[in-house]
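Here is a short report for a reader meeting this structure for the first time. Keep the sequence and the 3D view at hand.

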Amino acid sequence: AASGADEIYLAPDPDREGEIIAWHVEQEVKKVAKKAKIHRISFNEITKSAIQEAIEHPGDVDLNKVAAQQARR
């Protein structure tokens, strides 16, 4: 499904483990969706307003959190 997408939103948990999951998924998605823009979104509650807010303000995978998770591991 990712190969035909223009934009992809990754939304695992907003902690170190969630960030490394987003990073790994991003690496795999990039292999099949070379032109898609990959966004990292984060929200702390599953409500329409929280999800809309996250989609309106997407970011990138936080490599500092990825590194912190790797160091902790």
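The report goes from the overall fold to the strands, the first helix and the salt bridges.

## Overall fold

This is a predicted model. The protein chain has three helices and two strands. Along the sequence they follow the pattern β-α-β-α-α. The C-alpha atoms fill a box of roughly 35 × 30 × 15 Å, taken along the principal axes.

Of the 73 residues in the protein chain, 26% are buried. The accessible surface comes to about 5200 Å². Carbon and sulfur atoms account for 51% of that surface. Among contacts with a separation of 6 or more, 64% join residues 24 or more positions apart.

## The two strands

Strand E1 covers residues 7–10. Strand E2 covers residues 37–40. E1 and E2 pair in the parallel sense, over four bridges. Ile8 stands opposite Ile38 in E2.

Which side chains of E1 are buried? Ile8 and Leu10 are, and they point to one face. Glu7 and Tyr9 point to the other face and are not buried. In a regular strand, side chains alternate between the two faces of the sheet.

## Helix H1

Helix H1 runs over residues 16–32. H1 has 17 residues and reaches 25 Å from its first C-alpha to its last. That is close to the 24 Å expected at 1.5 Å a residue. Together, E1, H1 and E2 make a right-handed β-α-β unit.

The buried residues of H1 are Gly18, Glu19, Ile20, Ala22, Glu26 and Val29. What covers them includes E1, E2 and H3. H3 is the helix at residues 63–72.

## A buried salt bridge

How many salt bridges does a search of the whole structure find? The search finds three. One of them joins Glu19 and Arg40, with the closest N and O atoms 2.9 Å apart. This pair links distant parts of the chain. Glu19 lies in H1 and Arg40 in E2, 21 residues apart. Are these two residues buried or exposed? Glu19 is buried, and so is Arg40.

## Two further salt bridges

Glu28 forms a salt bridge with Lys31. The closest N and O atoms are 3.1 Å apart. Both residues sit in H1, three residues apart, so about one helical turn separates them. Glu28 has a relative accessible area of 47%. Exposed means over 50%, so Glu28 counts as partly exposed. Lys31, at 52%, counts as exposed.

The side chains of Asp60 and Lys37 also meet in a salt bridge, at 3.7 Å from N to O. This pair too links distant parts of the chain, with the two positions 23 residues apart in numbering. Where does Asp60 lie? Asp60 is in the loop between helix H2 (48–56) and helix H3. Its partner Lys37 belongs to strand E2. Asp60 has a relative accessible area of 56%, so it is exposed. Lys37 has 42%, so it is partly exposed.

## In brief

E1 and E2 pair in the parallel sense, and with H1 they make a right-handed β-α-β unit. E2 holds a partner in two of the salt bridges described: Arg40, paired with Glu19 of H1, and Lys37, paired with Asp60 of the loop between H2 and H3.

Technical notes: Residues are numbered from 1 along each chain as its sequence is written. This is a predicted model: local features need pLDDT of at least 70, side-chain atom pairs count only at pLDDT 80 or more; totals for chains, interfaces and linings use all residues. Side-chain values use heavy atoms; hydrogens and water are left out. A salt bridge is a side-chain nitrogen of Lys or Arg within 4 Å of a carboxyl oxygen of Asp or Glu. Buried means under 20% relative accessible area, exposed over 50%, partly exposed in between (1.4 Å probe, protein chains only). Two strands pair if DSSP finds at least two bridges between them. A crossover is right-handed if, with the strands pointing away from the viewer, the path from the first strand over the helix to the second runs clockwise. The expected span of a helix is 1.5 Å times one less than its number of residues. Contact means heavy atoms within 4.5 Å. Accessible areas come from the Shrake-Rupley method with a 1.4 Å probe; for residues, only the protein chains shown count as cover.
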